[in-house]
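Please find below my notes on the model you sent round. They go from the overall dimensions to the strands, the disulfide, the core and a few single residues.

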Amino acid sequence: QVQLVESGGGLVQPGDSLRLSCAASGHPFSTYAVAWYRQAPGKEREFVAAINWNGARVYYPQSIEGRFTISRDNAKNMAYLQLNSLKPEDTAVYYCAADQFNEAGPYEYWGQGTQVTVSS
């Protein structure tokens with residue numbers, strides 16, 4: 001098993017940037033694919049980004065338009081999501097997820113989420 005804790009969310013203005021962090025503990029993190037999802041109030045959970053176990057492959061939906069970047073540091077048991085050019089519609093709870101076998105999902109382990117609010 002792996003435990004995940006997200007941090008780095010907050011209230012920002014449109015156009016600002018944030019870096020979300022996902023701290024992992026438990027089973028060796030380096031063997032897991034990691035993804036970020038988000039869920040806005042009243043909406044379904046949405047895939048945001050994924051990265052394979054060694055960072056060689058990354059995945060994004062077209063809707064992100066190159067504004068977000070996923071990365072990981074296996075030596076620190078950390079994953080990150082850099083959010084740039086934030087828009088009000090990016091407001092959501094952002095979740096980190098991990099899975100040992102399925103980098104395309106579904107993901108087995110989930111964190112509690114961190115709130116990102118984009119508002120002027």
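1. Overall size. For 120 residues, a compact globule would have a radius of gyration near 14 Å, and the value of 13 Å found for the protein agrees with that. This is a predicted model, and the values in these notes are computed from it. The C-alpha trace spans about 40 × 25 × 25 Å along its principal axes.

2. Surface and burial. About 6200 Å² of the protein is exposed, and carbon and sulfur atoms supply 48% of that area. Of the 120 residues, 40% count as buried. Among contacts between residues at least 6 apart in sequence, 54% join residues at least 24 apart.

3. Secondary structure. The protein has 11 strands and 0 helices. From the N terminus on, the order of elements is accordingly β-β-β-β-β-β-β-β-β-β-β.

4. Pairing around β3. Strand β3 has antiparallel pairings with β1, through 6 bridges, and with β8, over 6 bridges. On the β1 side, Val5 has Ala23 of β3 as its bridge partner. On the β8 side, Leu18 is partnered by Leu83, and Cys22 stands opposite Ala79.

5. Strand β8 and its hairpin. How is β8 placed relative to the rest of the structure? Of its 6 residues, 5 are buried, so β8 is largely enclosed by the rest of the structure. Besides its pairing with β3, β8 is joined to β7 by 6 bridges, again in the antiparallel sense. Ile70 stands opposite Leu81 in this strand. β7 and β8 form a hairpin with 4 residues between them, and Asn77 in the turn has a positive phi of about 55°.

6. Disulfide. The structure holds 1 disulfide. It joins Cys22 to Cys96, with an S to S distance of 2.0 Å. The pair links distant parts of the chain, since Cys22 is in strand β3 and Cys96 in strand β9, 74 residues apart. The torsion about the S-S bond of Cys22 and Cys96 is about -75°, so the disulfide is left-handed. Cys22 is buried, with a relative accessible area of 0%, and Cys96 is likewise buried at 0%.

7. Largest core. Which residues of the largest nonpolar core touch the most other members? Of its 29 residues, they are Leu4, Trp36, Val48, Phe68, Leu81, Leu83 and Tyr94. The strands that each supply at least two residues of this core are β1 (2-7), β3 (18-26), β4 (33-39), β5 (46-51), β7 (68-73), β8 (78-83), β9 (92-99) and β11 (114-118). A second, separate core has 6 residues, among them Ala33, Ala35, Tyr37 and Ala97. In soluble globular proteins, nonpolar side chains tend to be buried together.

8. Leu4. Leaving aside neighbours within four places in sequence, Leu4 is in contact with Cys22, Ala23, Ala24, Cys96, Ala97, Ala98, Tyr109, Trp110, Gly111 and Gln112. Both cysteines of the disulfide, Cys22 and Cys96, are therefore in this list of Leu4 contacts, given that contact here means heavy atoms within 4.5 Å.

9. Val12. Is Val12 buried or exposed? Its relative accessibility is 10%, so Val12 counts as buried, the cut-off being under 20%. Val12 is found in strand β2 (residues 10-12). Without neighbours up to four places away in sequence, the residues in contact with Val12 are Leu18, Leu86, Thr117, Val118 and Ser119. Of these, Leu18 is also the residue whose bridge partner in β8 is Leu83. Val12 and Glu44 are 32 residues apart in sequence, with 23 Å between their C-alpha atoms.

10. Ser85. Ser85 lies in the loop between β8 and β9. Ser85 is partly exposed, with a relative accessible area of 41%. Not counting residues up to four places away in sequence, Ser85 touches Gly15, Asp16, Ser17, Arg67 and Asp90. Ser85 and Ala33 are 52 residues apart along the chain, and their C-alpha atoms are separated by 26 Å. Ala33 itself is one of the residues of the second core.

Key
Residues are numbered from 1 along each chain as its sequence is written. This is a predicted model: local features need pLDDT of at least 70, side-chain atom pairs count only at pLDDT 80 or more; totals for chains, interfaces and linings use all residues. Side-chain values use heavy atoms; hydrogens and water are left out. A nonpolar core is a set of buried Ala, Val, Leu, Ile, Met, Phe, Trp, Tyr and Cys residues joined through side-chain atoms within 4.5 Å. Buried means under 20% relative accessible area, exposed over 50%, partly exposed in between (1.4 Å probe, protein chains only). Two strands pair if DSSP finds at least two bridges between them. A disulfide is a pair of cysteine sulfur atoms within 2.5 Å. The radius of gyration is taken over C-alpha atoms; the globule rule is 2.2 Å times the number of residues to the power 0.38. Accessible areas come from the Shrake-Rupley method with a 1.4 Å probe; for residues, only the protein chains shown count as cover.
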